[in-house]
Amino acid sequence: RSTRGGNYNASFEEVLLSGYAPDGGMYLPNHIPKLDLSVIKSWKGLSYIELVKKIIPLFISPEEIPSQDLEQLIDGSFEKFDDPSIVKLEYMDRVHKYVLELFHGPTGAFKDLALSIVGKLLDYFLKKSGERAIIIVGTSGDTGSAAIESVRGSEHIDIIVLYPYGRISQIQESQMITATESNVHIFGVDGTSDDLDRPIRNVLCDSQYAKEHKLASINSSNWARIMVQIVHYFYAYNALETSEVVVSVPTGACGNITSGYIAKQMGLPIKLIAAVNENDVLHNCLQTGTLKISNAVTVTSSPSMDIQVPYNMERILFYLSDENTDLVNNFMTTFYDQGEATFPQEILEKATDVLSSNSVDLPEV
């Protein structure tokens, strides 16, 4: 279903091979599976891959991907990771905090974890259908290289990546432009990552055009990205000897923290902090209730967070509003048309009950 009210009875395959719902909203499952805490704790000691095999089948019907096929797909998704643990929890004595290491994938970006599986899922369905898809990706840095790595050389996928020229790290740019496979197409564009997201969103929201040309996205607008990232939070919780975990999440487009929010809705006892840099649109929103695009994007040393449009807030707003699709539609339409929109007071209070935030500038980073 869509955050804006459309009930398309879409299969997981259809959602995976799309960008946005036909009404311009974002896809979410019809129901969030609820887990008893005893079940969650029974998973303690499972490896990251074993935990993926517990959680992903909660969202994918065996009629679409038989259990054995899904397990084999998951097993093959992490072959390029440099540590057999895939994810590691390390204690930092200096600050007395734990850090969940999500950088052991082939590009060093946490997005390798989700996209390594998403790439395999795309190949699985396209191989069965004999079709070829065009994946369109907008990146502020890390999404592009991880997306390329997940599908490079695929016989069933062409990937087009747009990145804001001069606004990403040299390493990230090098990872992308040195990909020589014939199915990989890279373009540096003028403007910010938010600027290039607009035409991508427009073309993907033209459902007839997108369907005719088999267009899809594997930005975090794609539900499959959100789904896989849920696993991070279950892994962190069970790796710690505590009754409640507070997770500080570096935040740009809000994809990862949306996964954390859904994990919480599933029954995981966690608290969430949205950590942002000087591009603090989300932090200001949680302080004032108004989501407002600033006049300019500040270029920082954390370019993946240099984002003014935290578009996955639409998914969180859907749940905060008790699935009030009219409210979501009106809020997001106002935001995209006017550059700002204000939460009703009761929504802001609910948001700050489940999400806190903090902003740091470059010297603090």
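In the predicted model, the sulfur of C254 lies 8.9 Å from the closest cysteine sulfur, that of C285, which is too far for a bond. A disulfide is a covalent bond between the sulfur atoms of two cysteines. With a cut-off of 2.5 Å between cysteine sulfur atoms, the count of disulfides comes to zero. C285 accordingly takes part in no disulfide, the nearest cysteine sulfur being that of C254. Both cysteines are nevertheless shielded from the surface: C254 is buried, with a relative accessible area of 1%, and C285 is buried, with a value of 0%. C254 is placed in the loop between β7 and α11 (255-265). The backbone of C254 adopts a positive phi of about 75°, although this residue is not a glycine.

A positive phi also occurs at H96, again a residue other than glycine, where the angle is near 55°. H96 is found in the loop that links β1 (88-92) and β2 (97-101). Here the side of the loop residue is open to solvent probing in the sense of accessible area: H96 is exposed, with a relative value of 56%.The β7 strand that precedes the C254 loop belongs to an open sheet of three strands, ordered β7-β8-β11 and paired in parallel. Strands of a sheet pair through backbone hydrogen bonds, either parallel or antiparallel. In this sheet, β7 (245-250) and β11 stand at the edges; each has a single partner strand, so one side of each is left without a neighbour in the sheet. Neighbouring strands are turned by 25° against each other on average, with direction ignored. The pairing of β7 with β8 (residues 270-276) is parallel and comprises six bridges. Within this pairing, V246 has K271 of β8 as its bridge partner, and V249 is bridged to A274 of β8. Helix α12 (residues 281-288) packs on the sheet, where it touches β8 and β11, and its direction makes about 130° with that of β11. The two faces of β7 differ in their covering: V245, V247 and V249 form the covered face, whereas V246, S248 and P250 form the uncovered one.

In strand β11 (residues 355-359), attention falls on S357. S357 counts as buried, at 14% relative accessibility. The C-alpha atoms of S357 and A274 are separated by 4.5 Å, although these residues are 83 residues apart along the chain. Apart from neighbours within four places in sequence, S357 is in contact with I273, A274, H283, L286 and Q287. The side chains of S357 and H283 are joined by a polar contact of 2.7 Å.

A second serine, S217, is located in the loop between β6 (215-216) and α10 (223-239). S217 is buried, with a relative accessible area of 1%. The side chain of S217 reaches the backbone nitrogen of N219 at 3.0 Å. When neighbours within four places in sequence are left aside, the contacts of S217 are with S18, G19, I135, I136, L204 and N222.

N222 also makes a contact at the start of α10, where one of its side-chain oxygens reaches to within 2.9 Å of the backbone nitrogen of A224. The helix α10 is mostly covered, since 16 of its 17 residues are buried. At 1.5 Å a residue, the 17 residues of α10 should span 24 Å; the C-alpha atoms at its ends are 26 Å apart, which agrees.

Methods
Residues are numbered from 1 along each chain as its sequence is written. This is a predicted model: local features need pLDDT of at least 70, side-chain atom pairs count only at pLDDT 80 or more; totals for chains, interfaces and linings use all residues. Side-chain values use heavy atoms; hydrogens and water are left out. Helices (H or I, at least four residues) and strands (E, at least two) are DSSP runs, numbered from the N terminus. Buried means under 20% relative accessible area, exposed over 50%, partly exposed in between (1.4 Å probe, protein chains only). A polar contact is a pair of N or O atoms within 3.5 Å; within protein, one must be able to donate a hydrogen and the other to accept it, and residues adjacent in sequence count only if both atoms are side-chain atoms. Contact means heavy atoms within 4.5 Å. Two strands pair if DSSP finds at least two bridges between them. Axes are lines fitted to C-alpha atoms, for helices over the stretch in contact, and angles run from 0 to 180 degrees between N-to-C directions. The expected span of a helix is 1.5 Å times one less than its number of residues.
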